Amino acid sequence: MAAKYQPNEIEGKWQQFWENERTFYTNEASLAPKFYMLEMFPYPSGRLHMGHVRNYSIGDVVARYKVKCGFNVMHPFGWDAFGLPAENAAIERGVHPAGWTYANIKDMRGQLQKLGLGYDWDREIATCHPDYYKWEQLIFLRAYEKGLVYRKKALVNWSEKMQTVLANEQVIDGVDYRYGLPVIQKELTQWFFKTTAYAEELLDGIDNVLEENWPRRVLLEQRSRIGKSHGARVEFRLEEAIEGETTLPVFTTRPDTLWGVTFMSLAAEHPMALKLAEGTDKEADVNAFIQKTLSEDKRKRGSEDYEKQGVFTGKYCTNPVNGTKVPVYIANFVLMDYGTGAVMAVPAHDQRDFEFAQKYGLPIKVVIHPDENTSLDAAAMTEAYVEDGVMVNSEMFNGKNNRESIEQIADYLEEKGWGGKTINYRLRDWCVSRQRYWGAPIPVIYCDKCDVVPVAEDQLPVMLPEDVKFEAEGGSPLAKCESFVHTTCPKCGGAARRETDTFDTFMESSWYQLRYASPRFEKGPVDPAAIEKWLPVDQYIGGIEHAVGHLMYSRFYHRLMQDLGFFPKSVSPEPFHKLLTQGMVCKETRFTKDENGNPVWHTDDDIDENGMSKKNGQKVLTGRVEKMSKSKYNGVDPEAIMARYGVDSARMFVLFASPPENDLVWKDEGVEGVHRFLSRVWNMVQQRLDDLKVAAAFDGNTAGLSSDGKELHKLTHQTIKGVTEDVHERFHFNTAIAKSMEFMNAISKFRGEAGNAQDASVQRDAVLVLVNLLSVFAPHICEELWQLLGQTGSISTVAWPTYDEDAVKESTITIAIQVMGKMRGTVEAPAGCSKGEMEKLALAHENIQKHIEGKTVRKVIVVPGKLVNIVAN
């Protein structure tokens, strides 16, 4: 009796085989073409979720396929191991962040290995290890020497709960990403990388390298974040200096409206926003307005229909072109992301300024009329005039076309020393300071005599001390660690103190792809020769949520390291050649309601067989399909799924249920369906095993095949072609699996001609091809079947099957026949038949003759291989 498919009995066996044989470990001596496959590395939270399973299964298919196609594949793995959750664990559980992190890494590594993923574990890195972060400390110091790192005071997103700075990406609708508590703006002295120095290069990379290889949505978001604009810089003179600053610079694309400025609007984030009202009776109101504004969603603040609000700072500045003194306001609709964060307000010709001016009783001055014969009365205006026209009230530019005068005005500003032409970028310099313990220490020392002193390179790494105390309140324990803080100045030998901020964790994830190429290199962050060999990453896979943050920082950091001489300019300036952003894994939510009507979320285990809640006896309701999350209780435990259905079924379902770039809706019955399919494959091979093992290899001679044998031979090659096209470039794994399922059905129905050795051979050929094609999706069962079929070696390293172009061609085609544009029949025709032959077949068709009887055929339109349309009346 054939053995039953028992995935749990075979999967561990093959995982151990791959590890023992080092099947997926990179061969540095290989002369085969390289392929660098990489998925975004995870934070070691301790447990895998289905999003991980999907992401890594997609990458594993690509890596396995490339191995089978003869590439020397590098497919490494590691851990983005610094971060605040480890500190929270230290507070909540009384464990050190390092111990918690490394324990989680061990657990998650074991879970990943159970998935049968083909990683080169020799290249494993953890970014919290000193052997990793000492190199980013070195990169920081070298960038500081080159003037690409600097320190300044800045308003930052501050979490009182976490006592740390948050990146913009970690603030959602004015609250922090972790606790959902309000984030305030706080002025701190911070370290910055000069990302703005690379703005043009980052844009060029999109246009010249990434345009055809990255998702359009990601490129749009990156272009938007960089935000290149041509315009003019205008210096408005402050009535009194603010911390040494005597002017308020403005970027504008409309210098033609300069003579119409009646007030100035500053973003709440502007460096001067808090300083303008300091020590005046306006200070409390200004500070309250700023904090209120900064707690609001930036996207809403920038929308046209957002209510315009502001507060007068009590200060004025002077318009350089006409000497007019204008009041300075903080306005909620002005964003720091654009220009300098200061906007010259021209209410007559900008709708937002118009609404603001009307609300606060500010003057409106017209400087553009529609034409010479049509004038505007400011007092009668009900909306801003935003079209082009003739300039008025603009001194020497009166009577000129406003659009044609823009460049002349910019030149005039430059001539007078009031500004001039400029290019503005929305991109801002990268603040990398974080007030946390569990991060890489910033290698800087402060001395009262020598000021800022970089740590000497031979003293790296600056290690995180372990003798620290974690408390729920009071900020980073690093700042309270006396043995760490107090040191001596490398220059004068006097008393000094260390920087107690640590690096933003985006630092670690910005260059890990480079470190993988030489993870144990001890002479620098990377081995230049290894970078030349392996970079760029050929295929990168990760979530769309990283479209701007991580991907932008990585692109910058790659260029930075290249400019600092860590690897040669011959290497591509882009770290990732191709990018796939996979969708989320989602599931229906289930809930009942409490006495206040609030949802009480339920897991599968909370619901009985009748759909009633075990918690409160109510009928359980089905909610929206949402991203799996702990808070909604709609997550699925990968290990439970693997224990029930096997690893191959779990992997194959997340590949089959949806194209990779789309969201996937989890359904247990879908996994069951995939499991049934794999069981059918297993049973089919088991039932035919004796015949398959004695059949000779098919020699390609189709002459001796029965008609059914010829059809199976053709379908075999058509399936190879279809699956290859789906997997090779498009990553349409769902359709590739669907084609394999159709192929399996055809093999199951095939019986062949009794005694026909060629039919037996073509069946053997078809089964081996099926197992080979499926091996990248369901590797464990395919390894076992390959061995059962008497084949040598591992299916993981057997060459991907190739197809015969002649075999995939159809011998006949179906031609549609129309009369006067209406479908009247079809006819089978030889493939490749001429237009004349198609016309003859169509006119000879019995039903067509009925429809043209007694009529004159005026014209016959032939679309080769597809259609004949007869015009008759």
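1. The accessible surface of the protein amounts to about 38,500 Å². Carbon and sulfur atoms account for 49% of that area. The model is a predicted one, and the values in this note are to be read accordingly.

2. On overall dimensions, the C-alpha trace spans about 105 × 85 × 65 Å along the principal axes of the protein. The chain content is 873 residues, and 53% of them count as buried.

3. On secondary structure and contacts, the protein has 35 strands and 26 helices. Taking contacts between residues at least 6 apart in sequence, 71% join residues at least 24 apart.

4. On charge, there are 122 negative and 102 positive side chains in the protein. The centres of these two sets lie 2 Å apart.

5. One element is worth a separate point: helix H23, which runs over residues 779-788. This helix is mostly covered, with eight of its 10 residues buried. The buried residues are Pro779, His780, Ile781, Cys782, Glu783, Glu784, Leu785 and Trp786; Glu783 and Glu784 are thus listed as buried, and Glu counts as negative in the charge tally.

6. The packing partners of H23 come from several parts of the sequence. Its buried residues pack against helix H1 (7-21) and helix H2 (50-68), and also against helix H18 (647-656), helix H19 (668-694) and helix H22 (757-774).

7. After H23 comes Gly790, with a positive phi near 80 degrees.

Notes
Residues are numbered from 1 along each chain as its sequence is written. This is a predicted model: local features need pLDDT of at least 70, side-chain atom pairs count only at pLDDT 80 or more; totals for chains, interfaces and linings use all residues. Side-chain values use heavy atoms; hydrogens and water are left out. Buried means under 20% relative accessible area, exposed over 50%, partly exposed in between (1.4 Å probe, protein chains only). Helices (H or I, at least four residues) and strands (E, at least two) are DSSP runs, numbered from the N terminus. Contact means heavy atoms within 4.5 Å. Accessible areas come from the Shrake-Rupley method with a 1.4 Å probe; for residues, only the protein chains shown count as cover. The place of a charge is taken as NZ of Lys, CZ of Arg, CG of Asp or CD of Glu.
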